[in-house]
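The exercises below are meant to be worked with the sequence and the model side by side. Each task is followed by a solution that goes step by step.

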Amino acid sequence: IKKIALLTGGGDCSGLNAVIRAVVKSAILKYNYEVIGFKGGYHGLYTDDYIKMDLTTVRGIFHQGGTILKMSNKDNLFNYPVEDKDGKVVYQDVSDIAVQNLKKHNIDALVIIGGDGTLTSARDFGRKGVNVVAIPKTIDNDVPATEITFGYRTALDHIMQSLDALHTTAYSHDRVMILEVMGRNAGWLALEGGIAGSADVILIPEIPYDINSVAKTVLDRYKRGSKFSIICVSEGAKPLDGKVTIKKIDKDSPDSVKLGGVGEVVASELEKVIKPITGQDIRVTTLGYIQRGGVTNTFDRILGTKYGSYAIDMIEKNEFGRMVIIKNDTMSSVRIEEVVGSGEIGETSRGGARIVNPHGDLVNAARD
Ligand code: F6P
């Protein structure tokens, strides 16, 4: 009998519980493995905080967002915050303790579910001799090598429903409504969510925007009798002229509430141009963490199940140091080294290339 462990690292997203359920059910029912789950990502691996996972542990979780194994912000064991003797926080490599914990539990393989930082640590644990199988996770859909990540489609549904809701109120008040969505440096969520929610303007990080062409679209619509407009803006969107400084919300700053996101920046610039002409008010909604929560949709339940069960098949075949991917609806895997070594995760250039290639026509639609 093999004994395996799993953990979920980084930020949560819909479909994680579907993956956990698939991992546990496949491991137990298909191969008769023992399974434990470390809590709070790598942090639990370091502190040896774990639960034994059986079929009852994963009962009733399939549809739920989030992760029953929880996440932690102390998630990098290669650069882990500890207090020195003066109470000052210093960063240390505590990964060897994690490796010892795996040995103590006689773990044959570790399933690591996570995004960029988590995958980098997965590679590094692989280099330390741990038998790792990684599963990519992000709502941003920007992990190289795989075509789609779970959580993305559920987030799209939230964006589409929010845009639908904004349409009725925008129409009633003849307003311009801006919806700021997540995606970090990748425009997938804004682009496809915006198209599904019939946004009139979509701003993505891969194509710097010109506030005058945004204004022109709004004004042209107004002239045609559509006195409202909907703008879907990705949190990573940047202006073409670079004059406007986009201030990201800094959670640790006492000024954080005063700092606007890119939605606020677009609103204030746009208002200067359109308000004197049409008198339209502009309102901003930041969708935020709603995109990562709630009930997992059909697609992500199935996708999460595919990722999870494939990872267990890989363990049975001793295929380690690899990340599960999906291409043309077929599961396979790539070396984790290739993914994190590419320098492409979450980078604008990569996101741009991926958006332009499979969806070039959509990008043009968004530009017009
Ligand atoms: O990468 C996923 C994501 O949800 C991004 O879209 C967003 O910018 C970021 O995580 C937010 O991270 P945090 O949970 O650290 O606030």
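**Exercise 1.** Leaving aside its neighbours within four places in sequence, with which residues is D75 in contact?

Solution. A preliminary remark on conventions belongs here: this is a predicted model, in which local features need pLDDT of at least 70 and side-chain atom pairs count only at pLDDT 80 or more, whereas totals for chains, interfaces and linings use all residues. Residues are numbered from 1 along each chain as its sequence is written.

Step 1. Two residues are in contact if their C-beta atoms, placed from the backbone, lie within 7 Å. With neighbours up to four places away left out, D75 is in contact with G9, G10, G41, Y42, H43 and G117.

Step 2. D75 sits in the loop between strand 3 and strand 4, where strands (E, at least two residues) and helices (H or I, at least four) are DSSP runs numbered from the N terminus.

Step 3. D75 counts as buried because 24 other C-beta atoms lie within 10 Å; the class is buried for 20 or more such atoms within 10 Å, exposed for 12 or fewer, and partly exposed in between, again with C-beta atoms placed from the backbone.

**Exercise 2.** Is K74 buried, partly exposed or exposed, and why?

Solution. Step 1. K74 has 16 C-beta neighbours inside 10 Å and is therefore partly exposed.

Step 2. K74, too, lies in the loop between strand 3 and strand 4 (80-83), and its contacts, not counting residues up to four places away in sequence, are H43, Y80 and P81.

Step 3. In an unreviewed UniProt entry, the annotation "binding site" covers K74 and D75 together with G11, G115, D116, G117 and T118; UniProt positions are given here in the numbering of the model, feature names are shortened, and annotations may be inferred rather than shown by experiment.

**Exercise 3.** Which residue does UniProt list for "active site", and which residues surround the ligand?

Solution. Step 1. The unreviewed UniProt entry lists D140 as "active site", and this residue is found in the loop between strand 7 and helix 5 (152-173).

Step 2. D140 counts as buried because it has 29 C-beta neighbours inside 10 Å.

Step 3. The ligand is surrounded by G11, G115, T138, I139, D140, M182, G183, R184, E235 and R292, a residue being near a molecule if its C-beta atom, placed from the backbone, lies within 6 Å of it.

Step 4. Sorted by class, this shell has two nonpolar, four polar and four charged residues; Ala, Val, Leu, Ile, Met, Phe, Trp, Tyr, Cys and Pro count as nonpolar, Asp, Glu, Lys and Arg as charged, and the others, Gly among them, as polar.

**Exercise 4.** In what order do the seven strands of the mixed open sheet follow one another?

Solution. Step 1. The order is 3-2-1-6-7-12-13, two strands being paired if DSSP finds at least two bridges between them.

Step 2. Strand 3 (50-53) and strand 13 (330-335) are the edge strands, each pairing on one side only, and the twist from one strand to the next averages 25°.

Step 3. At one edge, strand 2 (residues 34-38) pairs with strand 3 in the antiparallel sense over four bridges, with K52 in strand 3 as the bridge partner of I36.

Step 4. Helix 4 (residues 116-127) packs on this sheet and touches strand 6 (109-114), strand 7 (132-136) and strand 12 (322-327), its direction making about 170° with that of strand 7; axes are lines fitted to C-alpha atoms, for helices over the stretch in contact, and angles run from 0 to 180 degrees between N-to-C directions.

Step 5. At the other edge, strand 12 and strand 13 run antiparallel and are joined by six bridges, and I326 stands opposite M331 in strand 13. Their hairpin has two residues between the strands, and N328 takes a positive phi near 50° in it.

**Exercise 5.** Which strands are the edge strands of the four-stranded parallel sheet with the order 9-10-8-11?

Solution. Step 1. In this open sheet of order 9-10-8-11, the edge strands are strand 9 (201-203) and strand 11 (282-286).

Step 2. Strand 8 (residues 176-181) and strand 11 run parallel over five bridges, with V284 in strand 11 as the bridge partner of I178.
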